[in-house]
Amino acid sequence: QVHLVESGGGLVQAGGSLRLSCAASGRTFSSYAMGWFRQAPGKERDIVASISWSGTSTYYADSVKGRFTISRDNAKNTVYLQMNSLKPEDTAVYYCAAAVVRTVDARQYSYWGQGTQVTVSS
């Protein structure tokens, strides 16, 4: 069992930066790969980035490559998403999730946080 809580969302102007955090509790955090997903109004949840349990394997959606960075600190049971050069199209609710293996498939993620709103104004 893993309980996930996101934080760090908010309102930012285009070109600005935000860092999202996802704090985990319960079962051993370091045993899980972690992912960040986002969902805009009326849209499905899409993968943003993922990271293996060791932190050695990562994935980024094409739309965020070069702008976003996923990282984790297993000692603090926390995963981060650093978002730079934000665009209005990045506006969405952002969710963190845990899976047995690093994957882009949302169906393979067993645990989900409640989400945090990110709004980018032009």
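**Entry: S50.** I looked up S50 in this predicted model and found that S50 belongs to strand β5, which covers residues 46–51. I then asked whether S50 is buried or exposed. Its relative accessible area is 0%, and because buried means under 20%, S50 counts as buried.

I next checked what surrounds S50, and noted that its side chain makes a polar contact with the side chain of R102, at 2.8 Å. Setting aside neighbours within four places in sequence, I listed the residues in contact with S50, among them M34, G35, I70, T103 and Y109, as well as R102 itself.

**Entry: salt bridges.** I turned to the salt bridges, and the count comes to four. One of them pairs D62 with K65, where the closest N and O atoms are 3.1 Å apart, and I noted that both D62 and K65 are exposed.

Another salt bridge joins D90 to R67, with 2.8 Å between the closest N and O atoms. This pair links distant parts of the chain, since D90 sits in the loop between β8 (78–83) and β9 (92–99), whereas R67 sits in the loop between β6 (58–60) and β7 (68–73), 23 residues apart. I recorded D90 as buried, and R67 as buried too.

I also looked up D105, which forms a salt bridge with R107, the closest N and O atoms lying 3.1 Å apart. Here D105 is partly exposed at a relative accessible area of 22%, while R107, at 75% relative accessibility, counts as exposed. Finally, I noted that R38, R67 and D90 are joined into one network by salt bridges that share partners.

Technical notes: Residues numbered from 1 in each chain as written. Predicted model: local features only at pLDDT ≥ 70, side-chain atom pairs only at ≥ 80, totals over all residues. Heavy atoms only, no water. Helix = DSSP H or I, 4+ residues; strand = E, 2+ residues; numbered from the N terminus. Buried < 20%, exposed > 50% of the residue type's maximum accessible area, 1.4 Å probe, protein only. Polar contact = N/O pair within 3.5 Å; in protein donor to acceptor, adjacent residues only side chain to side chain. Contact = heavy atoms within 4.5 Å. Salt bridge = Lys/Arg side-chain N within 4 Å of Asp/Glu carboxyl O.
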